[in-house]
Amino acid sequence: MYLRTVSKRVERLKLSETYAILDRVRKLREQGEDVIDLGGGEPSFRTPDHITHAAIDALSDGETHYTASRGTKALLEAVTQKYKREHDLELDADKNIIITPSAKHALFIALMTLLDDGDELIVPTPSWVSYKAMAAMAGATVKAVPLDGKTGFMLDPDALEQAVTPRTKAILINNPNNPTGRVLTREEVLGVVQVALKHGLYIVSDEIYEKVIYDRSRHISIASIEGAAPITVTISGFSKAYAMTGWRLGYVVSSEEISHQMLKVQQHTVGCAGSFIQFGGVAALAGCQQRIAEMVVSYQQRRDRLVSGLEKINGITCVAPEGALYVFASISALGFENSMAFTRWLLETVKVAVTPGTAFGEGGEGYIRLSFAGSDEDIDEAVSRLHYAFQ
């Protein structure tokens with residue numbers, strides 16, 4: 001039977017490399033292989049009980065129907081209070097916030113709203129794998145600004161400005177960064193804002209790891225910088241900080257006008273986030289934050305175990321990340337053809353799954369990303385196998 005082709009726009013997309021690794025790990029385990037997975041950012045912790053119980057109670061009470069597309073009043077108010085408390089930002093729950101089924105969907109509706117065919121989106125790289133694909137779905141292209149590992153992946157405002165063209169619509173920043181673990185300094189954040197204001201650009205700020213910060217680093221929400229709020233779209237959610245990856249719950253904060261436009265995309269794609277799930281979100285933001293602090297302490301200990309183990313392998317170098325859940329380690333001195341070849345060799349040789357740096361765009365070659373979101377036992381076993389592989 002003759003059948004017309006699928007969308008060229010979608011046909012040109014590639015499947016996610018991180019999901020490809022997850023699928024490969026799953027198949028090997030189904031075959032009975034003992035694989036240690038450091039490829040994904042899946043927290044090993046359970047969602048805190050008070051959050052789970054709030055959602056269960058909502059289910060029992062019959063909260064299983066549509067909500068307003070923006071979200072429930074209680075969760076919108078909880079997000080409003082969070083931004084006032086943590087960033088001194090005054091938001092209107094009915095005008096500046098949309099609750100979404102995942103931070104990923106928040107990012108999707110933001111890019112679909114801001115970008116037109118032929119537009120350019122400036123993205124410092126290495127960067128999360130889905131930015132480029134989402135921009136492409138909106139008909140735009142990513143203008144990469146490769147960051148240099150030798151300078152600690154510092155963000156240079158001059159490099160951002162040099163990337164601006166008449167087609168540039170926005171700058172996308174991920175802070176803390178996945179995969180490098182960098183947390184932007186105030187000077188770097190100010191640099192982003194200054195470039196955007198000078199050229200009339202939007203800023204899309206992915207802050208999903210805002211709560212996962214180590215040592216003396218401090219997260220600065222870009223919208224809190226003077227003059228930045230009207231041009232900034234802030235993405236965040238519950239997956240990483242509250243160990244709620246399977247709940248699929250996020251939110252997007254912006255000016256009233258941008259939010260009004262984004263709401264159209266929300267209404268015509270998913271309608272609203274899950275009703276009973278939003279009750280869990282309220283419990284997360286309004287409840288005790290002690291469990292979150294305890295998880296971050298554990299992540300920091302895991303980070304230190306992994307970095308310490310990697311530093312003892314000749315040819316692998318890395319620095320302790322300031323935030324997020326990943327070590328971005330250089331393997332360029334090991335002599336492999338590229339990071340993908342190393343990743344395949346590691347999986348086949350000692351059954352440890354990591355992500356090749358090339359998955360994160362320009363500047364990623366010569367690196368691998370190792371997640372420390374998993375258990376202490378998995379990290380210790382992975383380090384032991386890495387040492388065995390290089391004996």
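UniProt positions are given in the numbering used here, and annotations may be inferred rather than shown by experiment. With that proviso, the UniProt record, an unreviewed entry, places the feature "domain: Aminotransferase class I/classII large" at residues 34–386. The model examined here is predicted. Over residues 34–386 the chain is 39% helix and 15% strand. The C-alpha atoms at the two ends of this stretch are 14 Å apart.

Internal cavities were examined next. Rolling a probe the size of a water molecule over the atoms shows where empty space is left. Two cavities of 30 Å³ or more are present. The largest has a volume of about 150 Å³. Its lining comprises 15 residues. Nearest the centre of this cavity lie Pro-124, Leu-147, Asn-174, Asn-177 and Leu-184. Strands E3 (120–125) and E5 (168–174) each contribute at least two lining residues. E5 provides the largest share, three residues. By class, ten residues of this lining are nonpolar, four are polar and one is charged.

The second largest cavity has a volume of about 50 Å³. Residues lining this cavity include Lys-82, Glu-210, Lys-211, Phe-238, Tyr-242 and Tyr-251. Six nonpolar, two polar and three charged residues make up the lining. Several of these names recur among the aromatic contacts. Phe-238, Tyr-242 and Tyr-251 join Tyr-83 in one aromatic cluster. Lys-82 lies over the face of Tyr-83, at 4.4 Å from the ring centre. A second charge sits over a ring elsewhere: Arg-369 lies over the face of Tyr-326, at 4.0 Å from the ring centre.

Aromatic pairs were then surveyed. The structure holds 16 of them. One is formed by Phe-45 and Tyr-299, in an edge-to-face arrangement. Their rings are 5.4 Å apart, centre to centre, with 70° between the planes. This pair links distant parts of the chain, 254 residues apart. Phe-45 lies in the loop between strand E1 (36–37) and helix H3 (49–60), whereas Tyr-299 belongs to helix H11 (residues 290–311). Both Phe-45 and Tyr-299 are buried.

Phe-328 and Tyr-367 form another aromatic pair, which is stacked. The centre-to-centre distance is 4.8 Å, and the planes are 5° apart. Phe-328 lies in strand E9 (residues 326–330) and Tyr-367 in strand E12 (residues 367–371), so the pair ties together parts that are 39 residues apart in sequence. Phe-328 and Tyr-367 are both buried.

Definitions and conventions:
Residues are numbered from 1 along each chain as its sequence is written. This is a predicted model: local features need pLDDT of at least 70, side-chain atom pairs count only at pLDDT 80 or more; totals for chains, interfaces and linings use all residues. Side-chain values use heavy atoms; hydrogens and water are left out. On a 1 Å grid over the protein atoms alone, a cavity is a set of points where a 1.4 Å probe fits but cannot get out, and a pocket is an open set with protein on both sides within 12 Å along at least five of seven lines; lining residues have an atom within 4 Å of a point. Grid points are joined across faces, edges and corners, and a volume is the space filled by probe spheres set on the points. Helices (H or I, at least four residues) and strands (E, at least two) are DSSP runs, numbered from the N terminus. Ala, Val, Leu, Ile, Met, Phe, Trp, Tyr, Cys and Pro count as nonpolar, Asp, Glu, Lys and Arg as charged, and the others, Gly among them, as polar. Rings of Phe, Tyr and Trp (its six-membered ring) pair if their centres lie within 6.5 Å; planes under 30 degrees apart count as stacked, over 60 as edge-to-face and the rest as tilted. Buried means under 20% relative accessible area, exposed over 50%, partly exposed in between (1.4 Å probe, protein chains only). A charge sits over a ring if NZ of Lys or CZ of Arg is within 6 Å of the ring centre and within 35 degrees of the ring normal.
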